[in-house]
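Reader: I'd like a close look at one part of this model, please, with a picture of how its surroundings fit together. Start wherever you like, and spell out the cut-offs as you go.

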Amino acid sequence: MRLKVDKLTVSKLIDFMWGARRKDLEEFWIPQHQSIHDLNIEELARTLCLYDEDTNEVYCIWGIEDDGVLDRVIWMLCTKKVEEHPIAFLRYCKTYLKDLLDTKPLMWNYVWLGNELHVKWLKWMGATFGETTTINGEPFQYFYFSKKE
């Protein structure tokens, strides 16, 4: 297994859609009442993809909405592959995040507390958590990653 991050392609988007975790799709839908299936393709133009180079199987799609010096919203949606190969996924992500923080020292978002796998992953990755809020009747919690000196 050789994991790699690259730009999202149509074939990898199709693979993602076939293997997407239900909870991840729900987490996307709750705040805006919009399915990822209904996005215009242009909205995914800066999306990245983590996949296995040997099999081309997608583990997740993700991105950073970088709208300012400190306004970097990070997001990720996973496939069932992360549950099939959790150790490889976690190790790769930990190293990748460490390198990413060199160029983007602060990234944040809100996690849906109903997506237990995302919450556990964020804790393992070293996210710092803040206030809890309700969005469309569901609990979300603020988190951020920052470069540790």
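Author: Happy to! Let's start with the second largest pocket, which holds about 200 Å³ of space. The model is a predicted one, in which local features need pLDDT of at least 70 and side-chain atom pairs count only at pLDDT 80 or more, while totals for chains, interfaces and linings use all residues. Residues are numbered from 1 along each chain as its sequence is written, and side-chain values use heavy atoms, with hydrogens and water left out.

A pocket here is an open set of points on a 1 Å grid over the protein atoms alone, where a 1.4 Å probe fits and protein lies on both sides within 12 Å along at least five of seven lines; lining residues have an atom within 4 Å of a point. Grid points are joined across faces, edges and corners, and the volume is the space filled by probe spheres set on them.

The second largest pocket is lined by Lys94, Leu97, Lys98, Leu101, Asp102, Met125, Gly126, Phe145, Ser146, Lys147 and Lys148. By class, this lining has 4 nonpolar, 2 polar and 5 charged residues, where Ala, Val, Leu, Ile, Met, Phe, Trp, Tyr, Cys and Pro count as nonpolar, Asp, Glu, Lys and Arg as charged, and the others, Gly among them, as polar. H4 gives the most to it, with 5 residues, and both H4 and E7 supply at least two. These labels are DSSP runs numbered from the N terminus: helices (H or I) have at least four residues and strands (E) at least two.

Phe145 leads on from this lining to the interior. Among the residues that Phe145 touches, leaving aside those up to four places away in sequence, are Leu97, Leu101, Met125 and Gly126, along with Ile74, Met107 and Trp121; contact means heavy atoms within 4.5 Å. Phe145 is also one of the residues with the most contacts inside the largest nonpolar core, a group of 25 residues, as are Leu50, Phe89, Met107 and Trp121. Such a core is a set of buried Ala, Val, Leu, Ile, Met, Phe, Trp, Tyr and Cys residues joined through side-chain atoms within 4.5 Å; buried means under 20% relative accessible area, exposed over 50%, and partly exposed in between, with a 1.4 Å probe and protein chains only. Elements that each supply at least two residues of this core include helix H4 (86–103), strand E5 (106–112), helix H5 (116–125) and strand E7 (138–146). The largest share, 5 residues, comes from H4. A second, separate core has 14 residues, including Leu13, Phe16, Ile36 and Cys49.

How does the largest pocket look beside this? Its volume is about 750 Å³, and of its 34 lining residues, Ile74, Trp75, Met76, Leu77 and Asn109 lie nearest its centre. That lining has 27 nonpolar, 4 polar and 3 charged residues. H4 again gives the most, with 5 residues, while H2, E3, E4, E5, H5 and E7 are among the elements that each supply at least two.

Leu13 and Phe16 take us to H1, where they are buried together with Lys12 and Gly19. These residues cover an arc of only 135° around the axis, so they sit on the same side of H1; the arc is that of the directions from the helix axis to the C-beta atoms. The face turned away from them carries the exposed residues Val10 and Trp18. H2, strand E2 (48–52), E3 and E4 are among what covers the buried residues of H1.

The loops on either side of H1 are worth a stop too. Leu8, in the loop between E1 and H1, is buried at 18% relative accessible area and touches Leu13, Leu44, Thr47, Leu48, Cys49 and Ile61, again without residues up to four places away in sequence. Arg21 is in the loop between helix H1 (10–19) and helix H2 (22–32), and counts as buried at 10% relative accessibility. Its contacts, counted beyond four places in sequence, include Cys78, Glu83 and Asn115.

Finally, a backbone detail. Most residues other than glycine have a negative phi. Asn56, though not a glycine, has a positive phi of about 65°; Asn56 is in the loop between E2 and E3 and is partly exposed at 43%. Asn136 also has a positive phi, near 50°, in the loop between strand E6 (128–135) and E7, and counts as partly exposed at 46% relative accessibility.
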